Amino acid sequence: MAKARKKILHLLLLLAGTCNLAMSQSFSTDTCPSSEPNLAQVESEADVVVGGVLQLHHPGQGIFGCGQPSTEGVQYFESLRWAISALNQKSGEFGGTPVTDSFIPGVKLGLQVYDSCGHKELAKRYMTELFPVMKSGSLMCDSLQDNSSTIIGMVDMSSSLRDSRVAETAGRYIIPVIPLQQETAVPPEQLAKVLAEVVHFMDWEKVAILHEDDEYSIFVAKVFSQISKSGYPCISAIRSLTVPESQKDGSDTDLRSYHRILSSFTSKLSDNTGVIVIGHTKSFEMIIQALGESQNNFSRLQWLFSWMPAFSKLRNLGTMINKKNIFSLAPFPKEISAFEDYWRRLADLASNSEGNDRFFVEYVMAQKNCKVTGFKNVIYDNMVMCENLVLKENPTDSLMRTARFLPAIHALFTFAHAYRKAWTDKCNGVPGMCHDLKVMSRREFVERYLEPLEFAHDSRERSPEGVVGEKTSEGASGEMEGMQIALNAYSFSPSSGLQFKQVLAYDAQEVKVLDASFLHVPSVCPKGGCKDCLSVRQSRLEDPYIGMASNDDFIVTSQSDDISIPILLPIHKAGHNPLMCSDEINAQAVQDLEAALWTVDQINRDTEFLPEIRLGVVAIDTCSTPVQITQKLSNYLMDTKKKEVDDVSSDLAFVVVGSPDEVHAASSVISALNATLISVNDAIRPKDMTNNRLQVAIPLERKTKATVDTLAYLGWNYVTVIHDRDERSVLMMESFKSLAKESDICLSADLSPSGLDDFEMDGLVMNVVAAKKKGARAVVMWTNEHTIRAFLKAVHRAVVAGLISRGDLVIISSGDWIVNLQSFKEFENEATGVIVLKTQQGEVEDFSTYFQRLEPDSNKRNPWFRELWEQRKECRDRKCETNSAPVEYIPSSSTVNMIQGLLTISAGLARLRNELCHPEPGLCPKMLQKMLLRQHLFNYIRETASSRLDAKGEMFAFTKQGYGNLPIEIFNFRRAAGKNFVYQKVGTYQNRMNNLADIVMYNSDGEEISVENMSSECIEDCGVCEKRPTDFVILDSKDHLYLATSVDIHKSSSNPLKCDSAITSSGLQTLEAFLWALDQINSSPTLLPGVNLGAIIFDTCNSREKAARDVANFFSSSLSATSPSHKIPGVNQILGLVATQTDNIIQPIIDVAMPFNVLTIAPRVTLTDFNNEEKYPTLLRSSLPNDIRAGALVDLLKHFKWNYVSSLYSDNAVNEVDFFQSFKKRAEDREIELALAEGIPASFSDAAMEVLLDKLQTKRKEGA
């Protein structure tokens, strides 16, 4: 019965999809009429209509109100009107050619244009008015009336397709949309080539590039960089203009962001360097405005904009422009005579009686500040009457009109040419709309006529004289290939205003010099050539979304250093995607970098420590993302100005500041060098402490072990645990739970606040109070400072409410953030008695004094310090005069660890040098010729003790595991004389617990209580601490209904039936997601009202054997007899099973579940064997099967017309082999020949890889 219902449902969905598809392709059935007041119809009786969404007005009052007319929108609209008139002309002549019928004989074209008034949501609504199928699907548009016209596509200046939902919907229903954007009408490849020609003409041997982070701008920069690979021009800097979307509104914050970018970017550029700005109108406006406030940056450099910036902003620069250092690309010729004649005639002929003239009339009224008789709008009621509609204009106005006219006419003519081609095929030369043309589907129009269309603008084809360009089948929508482009040079005079000269013109064939008198200023390299050119590799250029290299990626503090130590720090915070950096400076990273520079200075001053060897620092900005680390570190290693990687002075050791993911990313690059990597933070887990890795900070596992041993020393075996939800806190919690279990310490409650508001924290404290009543006096907290303060505040409220007394709870916290008494300020009474475990670490006072004296003008070697200084002072220029330093020293373990890390490198280096070179100073030949020098240095760094500047007389060393040997100190927060409080040291932990001094608490009367007289052990309802079966966990349900899941929580061990003690983060995350979803179901009033679901959790430990045993034992009820104290649910109480493993592990789980008809969801299963519905009737998969994925890959190859390909796959992985077999079969079905099909085993030697590469190279020459 269930299978029959499934087939019926499938048939209904298939029929619905077929209906949707048919209706989505029909021209004549998907256009619902509208009475929208913002609608303009040109040729209302047209046979064929092109829709449009334009911004004819700026936004006004209200949600969708309209304000003043938009110059850009009105000019686009009039360009489209002119084009429609030209296409519909039936007699006379056009461009000297006689005309006897319309462009498409017997067919009249029309426009249906909506005015969005600059509102993005309104623009999307108007798109659905033009194409109602986009609104709710074709089946919902069943009350349509017949239309007198057919809408074949639309033009759009609202950029709605940038919304992925709109783009996806338009693509699904095959709706052709051509954007109207003057800046992107030129194909990016052509624009890049023209920029390169300009640079060559101007004799710019070196340039810098600023580019927006949209796909078009990045692609232009990519092609330009590819052209410059020959070394001309030298690209000295590339910077992405990344400003968050929330700030792209022209606000002061936005301007400051651009100002910071320009200040940082231009500070390193030499005078007269050519700066190429690639972007769009808005970014151009902000750059010009920022330059106007920083005349020094403006005047000493040359600026080339990839398209015309807003002339109003340029005009504001005034006579500054006369330095003749600002240029832009622009359309050529500067005006289209036919359209300019039409524009001038509008001033004489436009009237309110012609409805479509109203936009031009209102535009003139706004420009002249007058009103026209009969035009009703309260905005103009108090204005004087207009004498005429003639506008006073200058040459820049007609140039900007031309820039808008060209993409408008190209878009409309694209639709017209495609429809004429369809008319030719279907109507056999008979004028008018024949039947076959009327019933043509939109899919056929787009795929057969529009997409493959190729045409060139020609006066004989109604294109006006001066319009040059074409549409090719390979070009993107709206791109006008071969468009003529000119180089504009700008000037300004008080009497004439902004002026321009077109000095060069470019088209697809030649370069024309238009002004022979033009003089340019070269941007030359110094004698001997440019030395700071960026090498942008082809592999990076193939992805337009990857930000390009910049000399801002890293700084070299001195070129004269003998040995440079690369330091990776998150100087800038992460941008709005992993490929970008924020403009915001990370103050902690700048302080850490200054600590590194100071430390190297101290080492270099000691001439006996490293005689005649000078250390230096290379600072690499990682922007807090693993992607940036991989990219920038690779850029640094491949940089042309560096020495060979096997040079002794190159990259012997690296220091990294970052998260575990960031350190892992750095290690993946550094490991190939066999160089030492030292992590400043606790970022390397014990299982990953391999491959020349070391860490200054002690690992979290030592802190959790110290906490467990402290509890055991006090005899406390029943505790409450509170932890934050960040990755580190969760890892510490899991480590603590594992160690607590080994020590027979039971958790009464595991609590994790989702927020820090009072309501949330009060509820958490109530749970702690409930646990206290059961005996859990101790509260272990794995949290940050903010959480513990919020908790103490809630404890204070509970004490005031009489829910708990002071002294009832003993808080144990491990946090290096507790560095002073300020951590518990305002909550000292609640915090008294807190036990704090903290890494033994002091402050390096000499450095803190040095740092507090730093100022930008005296700190030239670290440009990021000035950038931070300016951000803190929100400076608007390069001068920041203040009586107080905006950058203050912050005590930090990261800073101290940075100093220690560099000291360990220098100590190991000094010891190695002395043994190899003594008494010869410097880098002696024996050291330079030492085989495996990096490996030897790693061993010396690991085995050599170094001084601790934070604890005079103490030494630092690494443990055998590679971690810092710093001890953990145990403090008791207690009262001192008067109303003061202190941290009283009560013990030290180093690998084991030594004796603890007396720890005290305080009762409500303020009297001391020794913890020796306190206990924290279970006194009632202790079932939670009983031993439970280890193969699975049951979360009880009062309704005896359960959802089961199988998860690889622990790693596998050498025994396939037992788990390793290590926990996988992915398994833990998967389990948390399952439990969260279960909570949502149980708390929902609508999903299963009144029903409480429990959970059965199998930990399969990535073992096929354990998965088979545990699930089979449970489903067979064989465990019921062996576990009488635990009532185990029956299979009929399991509503469903979520099996989260991969194909190989999951097989036995599914095999066990199927005979019991248990609904099983397997999100990661893709093997084609599981497609057998008879064998697996109750299996559901959310991942596409391999045969479907393989089919998609084959379809993609066919789309690119690639019929001869090579294929590589892992032959030791079941899923990859299955995918290859499916791909091979699909390829054969679609007549794709496999030139080479090679399975790659798990162990693949370098020699075998070379043989394989030779095979691939041979097949490539054959065409694969």
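This is a tour of selected sites in a predicted model, ordered so that each selection leads to the next.

**Gln 840 and its surroundings**

Select Gln 840 to begin. Gln 840 sits in the loop that runs between strand S34 (835-839) and helix H26 (845-852). Its relative accessible area is 19%, and because buried means under 20%, Gln 840 counts as buried. Now show what lies around Gln 840, setting aside neighbours within four places in sequence: the contacts are Arg 948, Leu 966, Pro 967, Ile 968 and Glu 969.

**Strands S34, S37 and S38**

Glu 969 leads into strand S37, where this residue stands opposite Lys 838. Select S34 together with S37; the two strands pair in the antiparallel sense over 5 bridges. Strand S37 covers residues 968-975, and 7 of its 8 residues are buried, so the strand is largely enclosed by the rest of the structure.

Add strand S38 (residues 981-989), which pairs with S37 over 8 bridges, in the antiparallel sense. To check one of these pairs, pick Arg 974 and look for its bridge partner in S38, Val 982. S37 and S38 make a hairpin with 5 residues between them. In the turn, select Gly 978, whose phi is positive, about 70°.

**Helix H19**

Move to helix H19, residues 626-638. With 13 residues at 1.5 Å a residue, H19 should span 18 Å, and its end C-alpha atoms are indeed 18 Å apart. Buried residues in H19 include Gln 628, Ile 629, Leu 633, Tyr 636 and Leu 637. The polar-named entries Gln 631, Lys 632, Ser 634 and Asn 635 are also buried in H19.

**Two cis peptide bonds**

Select Phe 332 and Pro 333, which are joined by a cis peptide bond with omega about 0°. Pro 333 is in the loop between strand S14 (326-331) and helix H12 (337-349).

Next, select His 918 and Pro 919; a cis peptide bond joins them as well, with omega about 10°. Pro 919 is placed in the loop between helix H28 (893-917) and helix H29 (925-928).

**Positive phi outside glycine**

Where is Cys 117 found? Look in the loop between strand S7 (109-115) and helix H3 (120-130). Cys 117 is not a glycine, yet its phi is positive, near 55°. Cys 117 is buried, with a relative accessible area of 0%.

End at His 1040, in the loop between strand S41 (1032-1035) and strand S42 (1041-1047). His 1040 also has a positive phi without being a glycine, about 60°. At 43% relative accessibility, His 1040 counts as partly exposed.

Terms used. Residues are numbered from 1 along each chain as its sequence is written. This is a predicted model: local features need pLDDT of at least 70, side-chain atom pairs count only at pLDDT 80 or more; totals for chains, interfaces and linings use all residues. Side-chain values use heavy atoms; hydrogens and water are left out. Helices (H or I, at least four residues) and strands (E, at least two) are DSSP runs, numbered from the N terminus. Buried means under 20% relative accessible area, exposed over 50%, partly exposed in between (1.4 Å probe, protein chains only). Contact means heavy atoms within 4.5 Å. Two strands pair if DSSP finds at least two bridges between them. The expected span of a helix is 1.5 Å times one less than its number of residues.
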